[in-house]
Each structure stands twice: as C-alpha cells, then as structure tokens.
Amino acid sequence: MTLLSVENLHVTFDTEAGVVEAVRGVSFALGRERLGIVGESGSGKTQTGRAVLRLIRPPGRIRADRMEFDGQDLGAAGEREMRALRGRRIAMVMQDPKYSLNPVMRVGHQLTEGLRQRDGLSRQDARAKAVEALAAVQIRDPARVMEAWPHELSGGMGQRVMIAMMLIPNPDLLIADEPTSALDVTVQAEVLSILDKLVRTRGMGLIFISHDLRLVARFCDRVLVMFKGRIVEELPAHNLMQAQHPYTRGLLDCLPRIGGPRTPLPVLDRTADWAR
Amino acid sequence: MALIEIDNLVVTFAARNREVQAVRNVSLAVEARESFGLVGESGSGKSTILRAICGLAPISGGTIRIAGQPAATRRGAGFSRRVQMVFQDPYASLHPRHTIDRTLSEPLAIHGLPDADARVVRALTDVGLPPAFRFRFPHQLSGGQRQRVAIARALMLEPDILLLDEPTSALDASVQAETLNLLNRLRAERGLTFLMVSHDLAVIDHMCDRILVMQHGAAVEELPREALAKAQMKTDYARSLFAASADRLLGA
Amino acid sequence: MSALTDWLRDPSPASRRQARLGQAYLSWLRLKNNRLAVIGLGIVLALVVVAVFAPVLAPDDPIAQNLRARLLPPLTDGHLLGTDDFGRDILSRLIIGSRITLYIILLVAVTAPVFGLLVGTVAGYFGGWIDEVLMRITDIFLAFPKLILALALVAVMGPGIINAVLAIAVTSWPPYARVARAETLTVRSSDYIAAVRLQGAGAGRIIWGHIMPMCLPSVIIRVTLDMAGVILIAAGLGFLGLGVQPPMPEWGAMISAGRKYLFEQWWVATMPGLAIFTVSLGFNLLGDGLRDVLDPRNSGK
C-alpha cells in the first residue's frame, strides 16, 4: 500500500548568482517500509525531504508531476491542510537537538504543547502522554527530564526527546534528516535501535536521510543514492555490495577501513560523464 | 628523544563556579616522522590536548616538551615555525573577509619571509588547487577546497609537526578520501610528524601508526595499528568503540 | 557595460582589487532589490550632491536680509519655499544649510565610530582588567542623556559648529564600543583567530586585520541608523542657540527662529523640519537595507 508517491520532483532556488537546481526530477514511492536517501552535500537529499512537507520558502520553488500522501495531493494542498498534516501524519526529526528544541522552554512544556493546543487534552492527560512517550524512547527518569531545559540534556538524550516529541501524535510517516550525525558513535547505535523498534512496532513509513551509506544500508530496507539533485541508483539494502553505478561504488570504496591497506584511498572520478 | 613529549598533562577549565578537568594526567610521546592518533568521543579531551600544545588551553599540571625544550609560556616565533595546526571546521578556520591569497601570505608577512607571491602559488599547487583560486573568498570554495587551503596555510611556515584536529569530520566521504590521501602524500614528501585527533577509528587506523584511546579526559589504552586491525584491545571501552565504529556495521 | 559586469562577476579574480570590487558589486545587486533602501540611498546621495553644489544651486543669497520681503508664503514668485522673518529665501538657506548638516554628519561619522570601534575591540580582545576599565568608562558616558551631555560640553566650550560636533561625537561613541565589543567576543574564539595566533601574530595585527573587519558591518549599520539621531541632536543644539550661530543657516537653528511664527507663517519652521525629517528617514532606510546586505549570514554560506 503506497503511503507516499513522488514523481518528477524539482526544487529550484532563485539567487542573484543565478537559478540553483537543488532537486532535478526525483521520483520514488514509499509504503510502510524504510527508505534511505543517501547523498553528499549538494545532492539534494535534505531538500527532497523538506519538499515533501512543503517546508521550502521562497526564493525556493517546488514543482512536481505528482506528490501524493495517502491519496491526498500534497502539491495542491493549501497551507492549512499542510499544517494539519505536518506533525500529525507526517513528522520530521532533524539533526541537532541543540537547534531543533526550543531553548527557552522546558522539555515537558514542549512535549505537551502540541497535545494541549492541537488535540485539546487537559494538562494531566497531556503530561501522562508525554511521560509515556519519554518512556517509549527508553529514558529512565522521565519525570526529571520533563522538568529539564534542553541545554541540560546530552546529545543522545536530546535526540531521543526529539523523537519522542515527534512520535506522540502517532504519525504515519517519519522523515529523519541525519538524526544521528551529531551524536557520538556509541550513542548513535543506541538511538538508532530505539528508532528501529518504534518504527517497526507502529508500522510507520520512514524516510532516513543521511550521508552515511553504510549506516543507511544497515538500517533501511531500500536505498536511494542521490548525486547533484538526481537519483543515480536505487537498490535493496541487502544488495548494497552489488551496486552498479560508479558513484555508489565510489562511495562504498572511498571509506577507510580498519585493517585496510595503507595505499591511497580510491577517489571519485569527478570528470566522468555521470558527474556533470 | 621524542619530538613531542607530554607528561601527566592536566588541563582545567573554570566554568560557572565549577572546575572541569578536561584532561587528566595524560602522557604520550610522538617520535619524529611518526603519525600518532588520538581517538575518543566528545568530551574525551582529545582536542583539548592539541590546544594545550598550542598554548590555547590553560595547563594546570604536567609538562609539554617539543624537541626536548619545554614549551614556553608564550609560544614564540620559533614555536610557530615548528608546530602548526589544521582545524576541524573548514567553514570556520578561514577568515571570511580575507582572500585566499591574504590568508596564505599572512604567515610569511608575520615572519618576514620573502617571495610571498611565488610561495603562495606553489602552496596552492602543492595541495592540488588551481592558482586561479588565489583571490577567491572562502565562501566561494567548497568544504574540501577550504580544508585544502587550511592545510596549505599550515604548511606555509614549513613546520616539522602538524597537529590535525578532526581534519575531515566536516567533509563528505569522497572529499575525505581525497583529503586523507593529500595529507599522507604531504607527510611522505616533507617528512612531517602528525598528531591527529578523530572520533573515527577507521580514519585513525588509515592515517596513524600508534593510537591512544581516550575517554572523559583520561588515557584508556595505547596500541599500535596492528593491534587495532587484529582487534587485540585490552580494555572494554576500546573494544566497544571498535564495535560501534561504522565500518564494522557492514562486516567489511 | 557587460564587459565590466563580467569582470566583476569573474569567479576566479586575478587580483585582490578585482576580488573586493566583485564582492561589492554582488552586495550592490542585493541592495538594489530592496526598494526602500534604494530610496534611502537616493536621499543620502541627494544630500551630498546638494551640499557639494550648494552655492550653484541656491537661487538667492542665504544671508542677505530683505525686510520688505519678510514672511512671504511658499510658491511666491522667486521664493519656492517662502521667506523667513528677515526676508531671506528659505530654499536657499536650506540648500546652504545642507552643507552644515553634511559637515556635522561626516565629522561625527569619522570620529565617534572609529573611537568606539577601537575601544570595543581592544576591550573585547584582551578581556580581564582592560575590558573592565574600558567598559566602565563606556558605561559612564552611556549613563548621561546625550543631549544633556552635549549641552554641558557646549556650555563649557562655547557655542560654534566645531564644538557642537565635538560634543555630539563625545556622546555618540559608547554604543559603538558596545557593539564592537560584542562582535569581538563572538569572533575572538573562532578557529581563524586561533590559527593566526598560532602563526605568531601579535595582538595589534589580530585586532586590526582580523577582528575589526568582522565588526565593521555592525558598526556601519549602526552609524547609518545613528545619523538621524546626530542630525536631531545638532538641530537640538541649534534650536537652543548653542550650536551653530546665526546667521549660519543650520536647520535646527532655523526651526528655533521660526518658532514664533508657527501658527501664522508655518513654513518658516516647517520647511527645515521637513528637511531634517527627510534626511533622517533616508539614513534610516539605508541603514535597514545595509543590514540585510552586510549581515555576514547573508553573504554566502
């Protein structure tokens, strides 16, 4: 059952240096599965995620043949309809909780704000739901965290709070934009396993945007590789080592490995036809 | 006699009525022409050690010796000609209002070295950048190109020792590969000594001969590269770091 | 024309001058998009042009009295904006008076911000007791209401245009010191400052070559926004008879002289008032537009 379907998506920005095309004709379909979008900087992966939620402001422009979420046309939807979708049915987790959590509101307040304003719950009910959500992301002392300020939380904790916050309304689709890139390696594994469990048990669709090909392949069912605004390869995650496209192969091969040879690392051929 | 000797270094920061020990009794020695890696997560104190060597962090205990000489309280001109650093964030380590030419010729101007023109062009070609980039501003270059400029800048004074603070963490994977290759080439050509900091075990393994694992400001384990490749770690923390390292995830 | 724009837009400039001019050109393009800022710029440029060509532009002698043509209303033959109580043509007096306004603005703009920038960057860079001492001095000057302090200084030094400028400059520099210090504190811990320190640069080189360029945008914006205030203080001093002395046609003094006739012959006071209003507005609009252009966050990633 297709949850999200995108056809021929274009995102362009008008700057005084000219028109910049961030996304050039991207198409994909997503069911209740985990899709990874991998690319380096400038590949357009983040803009693709934001375009789905229509979070791109002028001078950016979104254009697509089709952008449908569960039967609803995202391209034609008005701002009010988008607001009803965002958060409630499509949620987004971003990279750095330092910047995505409001620094002047306590964690509990931020968690319950949406519940009280959007869903009209009473203070006790909202608080109970918030504590439940924090427990679901394996925070051991939810009551203390509710009273904390965002800057008092560690990176991993902050990101878990962010995930809890985004999952309270039980959305159908989660877009995670580099959710673990700002975290330490050991914490990354923990946060990812929490995300994994939640997505599985709730049967959500997940779009996982990252620059880390190996991480995405481990975590997702399917992988899209993007380069300069286009999708260069699409493959099931378990087939990653059999990737065909020179860019994907290049990305796989250029990373150093522990115990690998000391010879120079293979680099991308930036003069090749596909690299233009 | 090692080129860099650090004995029982203690670095304490005073923050909001509390004292935080960023580095606790760390000792290490780096031989000439060696490449030594400091690995750890955030808060491990690894970057602080580099800053302490440069005189950018307050030392409250222990000594640092470069080529046998204790580092003077104010790092003088001699120090600058011996030790230079490449910083982590290519977007923050170049002055946004200076052209690349200005950034590269400044160290020469400070030390009164002649022939700035020729040296700047040679520096750019040495790091693989076209001389046409000379009068660009940092915001007109990509992250990888900026980091190359940062490396070129560090080498303008022809130091013996290069301190590298996570030089590729902010770069894309493909650009990282190019940058690491460049660093290795320059090290071989100029006989440099590297003291490199990273959170990425695979990068450290590729670049360094000996490795010190740090956690919470203290040294956990020092091991040679071969031991890392064979997963012969003695401490639990080093082992957990190894297991969590991204390249283990695909069983590569 | 397009050869010039191509040269300015060249992605690989061949000299420092070309690089800087190219950046300035791109900033100009960004400023052009802001219509109000362009209007502000136009007003400021008009002030400069009028002041430079004042003797040529003024139709009448601004000082010669003609008591038979006293208090003529605007649009009288030969007197577009009317005459004042001594029969002097108001338009001519405004035009010649623009020189005085511009003179005051320029003198204040090259003294107060420069001094404030120096104090702020030194205080911010060195920290410690230097910072404390300099900032307490700044606080003391800030604590005085600007007009009162200017009045006191002029009262002590005697009236006159130079003393008025000095008084205004002395009261205007503290905000620039504050702004510069704030920027310096942010910039001080950057990696590029650490890099140049590691190269062996001394404090002077760092402050002059590395920190000040980063403080300039905030200071420039502040200067343009403060210009309106400077004009008003000069006008205030002139109004109280403590700045420029008659028969010099300073706008504030003109308003003061026209006070008596405000109800019947409103133009005597209102015309110079409108001139002050227009110039202040021009600087404010320009300052707002410059903030969008000079804000480092907007000048490319």
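User: Two strands pair if DSSP finds at least two bridges between them. In what order do the 4 strands of the open sheet in chain B run?
Analyst: This is a predicted model, where local features need pLDDT of at least 70, side-chain atom pairs count only at pLDDT 80 or more, and totals for chains, interfaces and linings use all residues. Residues are numbered from 1 along each chain as its sequence is written, chains are lettered from A and ligands numbered from 1 in the order written, and side-chain values use heavy atoms, leaving out hydrogens and water. Strands are DSSP runs of E, at least two residues, and helices runs of H or I, at least four, numbered from the N terminus. The pairing in this sheet is antiparallel, and the order is β2-β1-β4-β5.

User: Nice, so which strands sit at the edges of that sheet?
Analyst: Look for strands that pair on one side only. In chain B, the two that fit are β2 (18–30) and β5 (69–70).

User: How many bridges join β1 to β4 in chain B?
Analyst: You can find β1 at residues 4–15 and β4 at residues 59–66, running antiparallel. One facing pair to look for is B:Glu5 with B:Arg65, and B:Ile4 has B:Ile66 as its bridge partner in β4(B). The bridges joining the two strands number 6.

User: Moving along the sheet, which residue of β5(B) stands opposite B:Arg65?
Analyst: Strands β4(B) and β5(B) run antiparallel and are joined by 2 bridges. B:Arg65 is a handy landmark, since on the β1(B) side of the sheet the residue opposite is B:Glu5. In β5(B), the residue facing B:Arg65 is B:Pro70.

User: What phi does B:Ala67 have in the turn?
Analyst: The turn belongs to the hairpin formed by β4(B) and β5(B), which leaves 2 residues between the strands. B:Ala67 is in that turn, and its phi is positive, at about 50°.

User: Stepping back to the whole chain, what share of the residues in chain B is buried?
Analyst: Chain B has 9 helices and 10 strands, and its C-alpha atoms fill a box of roughly 50 × 45 × 40 Å along the principal axes. A contact means heavy atoms within 4.5 Å; among those in chain B between residues at least 6 apart in sequence, 68% join residues at least 24 apart. Residues count as buried under 20% relative accessible area, exposed over 50% and partly exposed in between (1.4 Å probe, protein chains only). Of the 252 residues in chain B, the buried share is 57%.

User: And what is the buried share in chain A?
Analyst: Chain A comes to 10 helices and 11 strands, and its C-alpha trace spans about 60 × 50 × 40 Å along its principal axes. Among its contacts between residues at least 6 apart in sequence, 66% join residues at least 24 apart. Buried residues among the 276 in chain A make up 51%.

User: Let's visit chain C: is C:Thr83 buried or exposed?
Analyst: C:Thr83 lies in the loop between α4 (54–57) and α5 (90–126) of chain C. Leaving aside neighbours within four places in sequence, the residues in contact with C:Thr83 include C:Leu72, C:Arg88, C:Asp89 and C:Trp267. With a relative accessible area of 0%, C:Thr83 is buried.

User: Is C:Val110 buried or exposed?
Analyst: C:Val110 is in helix α5 of chain C. From C:Val110 to C:Ile96 it is 14 residues in sequence and 22 Å in space, C-alpha to C-alpha. Its relative accessible area is 52%, so C:Val110 is exposed.
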